[in-house]
Amino acid sequence: MKAAKVMISAKVDRSVFDTLDVYAKELQVSKSWIVQQALKQYFDKYDEYLGDMRVASLSEGISHEDVLKEYGLPH
């Protein structure tokens, strides 16, 4: 069964959009496909960080905000 698709909207710099457009044409895929793949990679990368943050905040009594600061994430 195919996953349901939803529409999102985001503002990006013109240079990012232009690069996305070039890659989509060269790879013969949609811009949506590239964005979806990029988001999946981003989530995979930060999944480990988030797990570490959760463990650290539970086991050491560190505040969530302090863990965010440690990993350089927005808080």
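The paragraphs below lead through a predicted model of one protein chain, beginning with its overall build and moving on to its charges and surface patches.

The secondary structure of this chain consists of three helices and zero strands, and read from the N terminus the elements follow the order α-α-α. The radius of gyration is 17 Å, whereas the globule rule gives 11 Å for 75 residues, and because the value for the chain is well over that figure, the chain is more spread out than a compact globule. The extent of the C-alpha trace can also be given along its principal axes, where it spans about 50 × 35 × 20 Å. Of the 75 residues, 12% count as buried. The accessible surface comes to about 6,900 Å², and carbon and sulfur atoms account for 56% of that surface.

A useful place to look next is the connection between the first two helices. Helix 1 covers residues 14-27 and helix 2 covers residues 31-59, and Gln-28 lies in the loop between them. The backbone of Gln-28 has a phi near 55°, which is a positive value in a residue other than glycine. Gln-28 is also exposed, since its relative accessible area is 74% and the cut-off for an exposed residue is over 50%.

Charged side chains come next. The chain carries 10 positive and 12 negative side chains, and the centres of these two sets lie 13 Å apart. Side chains of opposite charge can pair when their charged atoms come close. How many salt bridges does the chain have by the rule used here? The count comes to four, and several of them can be followed along the helices.

In helix 1, Asp-18 forms a salt bridge with Arg-14, with the closest N and O atoms 3.4 Å apart. These two residues are both in helix 1 and are separated by four residues, about one turn of the helix. Their exposure can be set side by side: Asp-18 is partly exposed, at 35% relative accessibility, whereas Arg-14 is exposed, at 57%. Another salt bridge of helix 1 joins the side chains of Asp-21 and Lys-25, at 3.1 Å from N to O, and here too the partners lie four residues apart, about one turn of the helix. Lys-25 counts as exposed because its relative accessibility is 60%, over the 50% that the term requires. This pair does not stand by itself, for Asp-21, Lys-25 and Lys-31 are linked in a network of salt bridges.

Helix 3, which covers residues 64-70, contains Glu-65. The side chain of Glu-65 meets that of Lys-69 in a salt bridge, at 3.7 Å from N to O, and the two residues, both in helix 3, are again four residues apart, about one turn of the helix. Both partners are partly exposed, Lys-69 with a relative accessible area of 44% and Glu-65 with one of 43%. Glu-65 can also be used to relate this helix to the other part of the chain: Glu-65 and Ala-10 are 55 residues apart along the chain, and their C-alpha atoms are separated by 26 Å.

Two surface patches complete the picture, one of them negative and the other nonpolar. The negative surface patch is formed by Asp-44, Asp-47, Glu-48, Asp-52, Asp-66 and Glu-70. Helix 2 and helix 3 are the elements that give two or more residues to this patch, and helix 2 gives the most, with four residues. Glu-70, one of the members of the negative patch, has its place in helix 3 and is exposed, with a relative accessible area of 58%.

Which residues make the nonpolar surface patch? Val-6, Ile-8, Val-35, Leu-39, Tyr-42 and Phe-43 make this patch, and its area is about 610 Å². Ile-8 belongs to the segment before helix 1, and at 58% relative accessibility this residue counts as exposed.

Notes
Residues numbered from 1 in each chain as written. Predicted model: local features only at pLDDT ≥ 70, side-chain atom pairs only at ≥ 80, totals over all residues. Heavy atoms only, no water. Rg over C-alpha atoms; globule rule 2.2 N^0.38 Å. Buried < 20%, exposed > 50% of the residue type's maximum accessible area, 1.4 Å probe, protein only. Areas by Shrake-Rupley, 256 points an atom, 1.4 Å probe, with all protein chains shown as cover. Lys, Arg positive; Asp, Glu negative; His and termini not counted. Charge placed at Lys NZ, Arg CZ, Asp CG, Glu CD. Patch = residues over 30% accessible without salt bridge, like charges linked within 9 Å, V, L, I, M, F, W, Y side chains within 5 Å.
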